[in-house]
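Colleague: Could you walk me through this chain before I set anything up with it? I would like the reasoning along with each answer.

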Amino acid sequence: VPEPAPASEDLGGKRPPEGPKAAKIAKPRPEPRDPMDDGELHGALEAILLVVDEPVSELTLAQVLDEPVARVAAALDGIAAGYTAAGHGFELRRAAGGWRLYTRPEYASHVERFVLDGQTVRLTQAALETLAVIAYRQPVTRSRVSAVRGVNCDGTIRTLVTRGLVEECGTEPDSGAFLYRTTTLFLEKLGLNSLDELPSLAPFLPDDVEELTDATR
């Protein structure tokens, strides 16, 4: 008679389960990764801050990078101080409970000249469509604009803000998301005295427009 297989020491003297029970054994957790060095952390923070379109909190950054909040806060302070010491044309500043890159006030006149007069490139079709949605549904959030167009419009809205055609105008009470509206420059470029002079969209809307509108809410 063959002797029984020895019991597994890893399972407290019990034989390892077979069949479906074996799949229920918890797998070992992955080893925690090594913390970032200072250079890597600074680079990661700068990369994220370059693409955000609203201030981002230290807690959010810490969660994304899996680093302690205190270390992220110290790194942000260091980056901000470094930009100031180097005399860059931009600065990292705390605003609205978060951090975001801004151009320095002393260069505002140059930025304004570039935005208003220095850009001769026409708006893309995507920008025109996004601008139209904002014009007719303002004030409106970025997510609502994206829902109407069916694509993410964050980058396009940033372009319109940079061109001075769209601006932030508060936040939505329920979600806290930023609201956007057109500017006086928008009216000037279109030769309008007020938004009331925008042409009616009725002739261009499909018969099921009410269903489409409800779907974006």
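What follows is a set of questions and answers on this predicted model.

Colleague: Happy to start simple: what does the secondary structure of the chain come to?

Modeller: Read along the sequence, the pattern is α-α-α-β-β-α-α-β-α-α-β-β-α-α. Counted up, the secondary structure comes to nine helices and five strands.

Colleague: And what share of the contacts with a separation of 6 or more comes from residues 24 or more positions apart?

Modeller: The chain has 217 residues, of which 27% count as buried. For the contacts you ask about, residues 24 or more positions apart account for 46%.

Colleague: Now helix 1 and helix 3: are they roughly parallel or roughly perpendicular?

Modeller: Helix 1 covers residues 38-51 and helix 3 residues 69-86, and their axes come within 10 Å. The axes cross at roughly 75°. Angles from 65 to 115 degrees count as roughly perpendicular, so helix 1 is, relative to helix 3, roughly perpendicular.

Colleague: Which residues make that contact, and how many of them are charged?

Modeller: Helix 1 brings D38, L41, H42, L45, E46 and L49, while helix 3 brings R71, V72, A75, L76, I79 and Y83. By class, the contact has eight nonpolar residues and one polar residue, and the number of charged residues is three.

Colleague: Y83 has a ring, so to speak; which residue does Y83 form an aromatic pair with?

Modeller: The count of aromatic pairs comes to one. In that pair the centres are 5.0 Å apart and the planes are at 75°. Planes over 60 degrees apart count as edge-to-face, so Y83 has an edge-to-face partner, and that partner is F90.

Colleague: In that pair, is Y83 buried or exposed?

Modeller: F90 has a relative accessible area of 34%, which means that F90 is partly exposed. For Y83 the relative accessible area is 10%. Buried means under 20%, so Y83 is buried.

Colleague: Which charged residue sits over the ring of Y102?

Modeller: The distance from the charged end to the centre of the Y102 ring is 4.1 Å. The residue whose charged end sits there is R93.

Colleague: Let's move on to helix 5 and helix 7: at what angle do their axes cross?

Modeller: Helix 5 spans residues 125-137 and helix 7 residues 154-162, with axes that come within 10 Å. The contact is made by A126, A127, T130, L131 and I134 of helix 5 and T156, I157 and L160 of helix 7. These divide into six nonpolar, two polar and no charged residues. The two helices are roughly perpendicular, because the crossing angle is roughly 80°.

Colleague: Is the peptide bond from Q138 to P139 cis or trans?

Modeller: Most peptide bonds are trans. P139 lies in the loop between helix 5 and strand 3. Omega from Q138 to P139 is near -5°, and the bond is cis.

Colleague: How far is the C-alpha atom of P139 from that of E172?

Modeller: E172 is in the loop between strand 4 and strand 5 and is partly exposed at 26% relative accessible area. Beyond its neighbours within four places in sequence, E172 contacts T141, A177 and L179. E172 and P139 are 33 residues apart along the chain, and their C-alpha atoms are separated by 9.1 Å.

Colleague: Last one: what is phi of D66?

Modeller: Most residues other than glycine have a negative phi. D66 sits in the loop between helix 2 and helix 3 and counts as exposed, at 57% relative accessibility. Its phi is positive, near 55°.

Definitions and conventions
Residues numbered from 1 in each chain as written. Predicted model: local features only at pLDDT ≥ 70, side-chain atom pairs only at ≥ 80, totals over all residues. Heavy atoms only, no water. Axes fitted to C-alpha atoms, helices over the stretch in contact; angles between N-to-C directions. Helix = DSSP H or I, 4+ residues; strand = E, 2+ residues; numbered from the N terminus. Parallel < 35°, antiparallel > 145°, perpendicular 65-115°, else oblique. Contact = heavy atoms within 4.5 Å. Nonpolar A, V, L, I, M, F, W, Y, C, P; charged D, E, K, R; others polar. Phe/Tyr/Trp six-rings, centres within 6.5 Å; stacked < 30°, edge-to-face > 60°. Buried < 20%, exposed > 50% of the residue type's maximum accessible area, 1.4 Å probe, protein only. Lys NZ or Arg CZ within 6 Å of the ring centre and 35° of its normal.
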